Number of protein chains: 2
Amino acid sequence: MQQSFESLIDNYLPGQSVDCVIIGYASGELKILLLQWKATKRWSLPGGFILKDEDMDKAALRILKERTTLEFPFIHQFYTFGNYRRRDISNLNKELAAMNINSPKVNEWFRQRFISTGYLAMVNLDKAKPQPDELSIKCDWMPADKLPPLIYDHNDIVAKALEYIKMRVHFLPVGMTLLPEKFTMNELRLLYETILQRSLDRANFQRKMLKLGVLIRLEKHFAGNAHKAPYLYKFDKKMYNAFQKEGIGFV
Amino acid sequence: MQQSFESLIDNYLPGQSVDCVIIGYASGELKILLLQWKATKRWSLPGGFILKDEDMDKAALRILKERTTLEFPFIHQFYTFGNYRRRDISNLNKELAAMNINSPKVNEWFRQRFISTGYLAMVNLDKAKPQPDELSIKCDWMPADKLPPLIYDHNDIVAKALEYIKMRVHFLPVGMTLLPEKFTMNELRLLYETILQRSLDRANFQRKMLKLGVLIRLEKHFAGNAHKAPYLYKFDKKMYNAFQKEGIGFV
DNA sequence: ACAAAAGTGTTATCCTTACACCCATGT
DNA sequence: ACATGGGTGTAAGGATAACACTTTTGT
């Protein structure tokens with residue numbers, strides 16, 4: 001690893017990085033994919049560097065694939081973080097030692113100032129298989145509303161990403177990317193409530209959703225409990241894409 | 001100049017730049033502040049580099065001040081442009097020659113790949129005094145909807161900025177920054193029509209604006225023509241700022 | 001008096017909101 | 001039968017959109 005990363009350094013643009021906020025959804029919570037560092041056990045967003053002949057968007061897609069083994073059809077650049085003192089590198093020596101890295105070149109690389117661009121990706125949690133990289137011991141989903149303290153300004157980056165998804169929920173395919181293939185209207189509404197951080201009227205939400213014409217009603221889902229069985233739905237992908245541009249409006 | 005920029009180079013972050021879309025408004029048009037280069041006579045956005053110990057936002061503010069001699073209370077970072085081949089540097093030698101620059105160091109500086117972050121600023125056109133810099137022969141306002149071909153991907157950058165202002169018009173103080181102190185309701189509506197690229201009903205716009213409670217009605221304005229004299233208005237800045245967070249809604 | 005622009009009024013329609021009601025389901 | 005969640009109904013209030021009407025201005 002030490003060898004390989006040292007030799008790779010020359011292929012990357014110095015001072016530039018990409019951080020990915022990969023959002024999943026499970027048990028009524030938004031989840032963020034995080035990595036845990038070896039020495040300090042602190043958590044961070046999955047990120048990486050940009051190859052000298054690579055578009056920045058492509059770098060984000062590459063990094064996403066490395067972490068989830070998935071291709072992402074949609075990613076969204078949401079903000080670039082360029083404060084002078086955004087990174088605290090006081091633990092750097094400890095981290096590098098834990099990884100058996102003593103190359104001055106690698107040390108210098110991580111000591112430089114980085115300006116980092118944030119990308120948002122959304123994925124059905126069941127499909128993504130987290131892959132810890134060589135720098136980390138763990139790679140896991142954590143609930144977005146109670147994250148641990150992350151390294152650098154990564155908590156700010158997540159906050160910006162959550163604000164972005166909230167602001168643009170009408171233009172993002174949140175239902176199609178975050179839910180499984182089939183879902184109940186209740187599950188869809190809970191997702192919107194989670195993103196928007198407020199409760200939505202059950203009856204009105206259902207009416208509005210159905211009127212859009214992007215949902216296909218399937219068979220009923222018998223959960224085995226003593227209640228009326230709800231219908232399952234799936235998205236009409238053709239319709240959805242047609243509406244996507246002008247915004248799919250729920251309030 | 002040659003001397004000074006060569007010596008300044010070491011103070012800047014390599015590969016990083018900032019481009020500013022400074023928007024003004026006059027005679028019913030949005031205007032963009034552009035610079036004209038010496039040799040090729042091509043136009044570009046005002047931009048600059050980031051000092052090694054400077055926050056990126058601060059760099060944008062510094063560059064804005066250099067071009068307009070104004071302090072900007074609000075700037076908005078809207079996108080970062082990171083495509084590998086976003087800059088066409090085939091005219092670089094000609095440009096440098098026209099500026100009597102033959103320093104290899106300066107040449108190399110401008111030949112590197114740059115990732116550039118776009119910032120939006122808005123200003124009352126009468127207040128801004130364009131300042132051409134040492135690299136340019138002209139600095140002028142040009143109508144946003146019929147810009148000449150700009151260098152690099154600067155036309156894309158302007159397009160993104162215009163899309164940004166359109167999307168977020170409810171949250172941006174467009175009226176307060178782009179109009180003079182006093183204005184008629186017609187002028188305010190025309191500004192919104194220009195930004196949103198569609199016509200708005202005169203009567204309904206007026207009602208909605210007044211109901212918000214952010215306008216103060218002043219004396220009538222007699223233009224000297226054979227029509228009913230419209231009222232002048234100014235913004236109630238306290239009220240405006242209070243409403244700003246939750247969005248000032250016009251459709 | 002006239003034309004044109006500005007201010008205000010009116011109405012139908014739609015959307016939002018809140019809540020009520022009935023229906024289906026396993027125990 | 002019953003409790004509970006799910007589907008649908010309804011009615012008030014507000015927002016929107018389109019257009020009509022009246023007022024004001026200099027010629």
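A backbone N or O atom of Ala226(A) sits 2.7 Å from a base oxygen of DNA strand C. That pair counts as a polar contact, defined as two N or O atoms within 3.5 Å; within protein, one must be able to donate a hydrogen and the other to accept it, and residues adjacent in sequence count only if both atoms are side-chain atoms.

This is a predicted model, in which local features need pLDDT of at least 70, side-chain atom pairs count only at pLDDT 80 or more, and totals for chains, interfaces and linings use all residues. Residues are numbered from 1 along each chain as its sequence is written, chains are lettered from A and ligands numbered from 1 in the order in which they are written, and side-chain values use heavy atoms, with hydrogens and water left out.

## DNA strand C

There are 25 residues around DNA strand C. Asn204(A), Ala226(A), His227(A), Arg202(B) and Tyr231(B) come nearest. A residue is near a strand if one of its heavy atoms lies within 4 Å of it. Of the strand C atoms within 4 Å of the protein, 53% belong to sugar or phosphate. The rest belong to bases.

Chain B reaches the phosphates of strand C. Tyr231(B) does this with a polar backbone atom, 2.8 Å from a phosphate oxygen. Arg217(B) uses a polar side-chain atom, 3.4 Å from a phosphate oxygen.

Which elements each supply at least two residues of the surface near DNA strand C? They are α8 (202–212) of chain A and α8 (202–212) of chain B. α8(A) gives the most, with 5 residues. Helices here are DSSP runs of H or I with at least four residues, strands are runs of E with at least two, and both are numbered from the N terminus.

By class, the surface near strand C has 8 nonpolar, 7 polar and 10 charged residues. Ala, Val, Leu, Ile, Met, Phe, Trp, Tyr, Cys and Pro count as nonpolar; Asp, Glu, Lys and Arg count as charged; the others, Gly among them, count as polar.

## DNA strand D

DNA strand D is surrounded by 25 residues. The closest are Arg202(A), Lys228(A), Tyr231(A), Asn204(B) and Ala226(B). Sugar and phosphate account for 54% of the strand D atoms that come within 4 Å of the protein.

Three polar contacts to strand D are listed here.

| Residue | Protein atom | Atom of DNA strand D | Distance |
|---|---|---|---|
| Arg207(A) | polar side-chain atom | base nitrogen | 3.2 Å |
| Asn225(B) | polar backbone atom | sugar or linking oxygen | 3.4 Å |
| Gln206(A) | side-chain N or O atom | phosphate oxygen | 3.5 Å |

The elements giving two or more residues to the surface near strand D are α8 of chain A and α8 of chain B. For this strand, α8(B) gives the most, with 5 residues. The residues of this surface divide into 8 nonpolar, 7 polar and 10 charged.

## Chain A overall

Chain A has 9 helices and 10 strands. Its C-alpha trace spans about 65 × 40 × 30 Å along the principal axes. Of its 251 residues, 50% are buried. Buried means under 20% relative accessible area, exposed over 50%, and partly exposed in between, using a 1.4 Å probe and protein chains only. Take the contacts in chain A with a separation of 6 or more: residues 24 or more positions apart account for 73% of them. Contact means heavy atoms within 4.5 Å.

## Two buried acids

Glu95(A) lies in helix α3 (residues 92–98) of chain A. Glu95(A) is buried yet has no salt bridge. A salt bridge needs a side-chain nitrogen of Lys or Arg within 4 Å of a carboxyl oxygen of Asp or Glu. The nearest side chain of opposite charge, Lys94(A), is 7.3 Å away. Lys and Arg count as positive, Asp and Glu as negative; His and the chain ends are not counted. Not counting residues up to four places away in sequence, Glu95(A) touches Trp37(A), Lys38(A), Ala39(A) and Thr40(A).

Asp19(B) is in strand β1 (residues 12–26) of chain B. Asp19(B) counts as buried because its relative accessibility is 7%. Its side chain makes a polar contact of 2.7 Å with that of Ser116(B). Beyond four places in sequence, the contacts of Asp19(B) include Arg86(B), Tyr119(B) and His154(B).

## Two positive phi angles

Most residues other than glycine have a negative phi. Gln197(A) has a positive phi of about 60 degrees and is not a glycine. Gln197(A) is in the loop between α7 (185–196) and α8 of chain A. Is Gln197(A) buried or exposed? Gln197(A) is exposed, at a relative accessible area of 62%.

Lys41(B), also not a glycine, has a positive phi of about 60 degrees. Lys41(B) is in the loop between β2 (29–37) and β3 (43–44) of chain B. With a relative accessible area of 45%, Lys41(B) is partly exposed.
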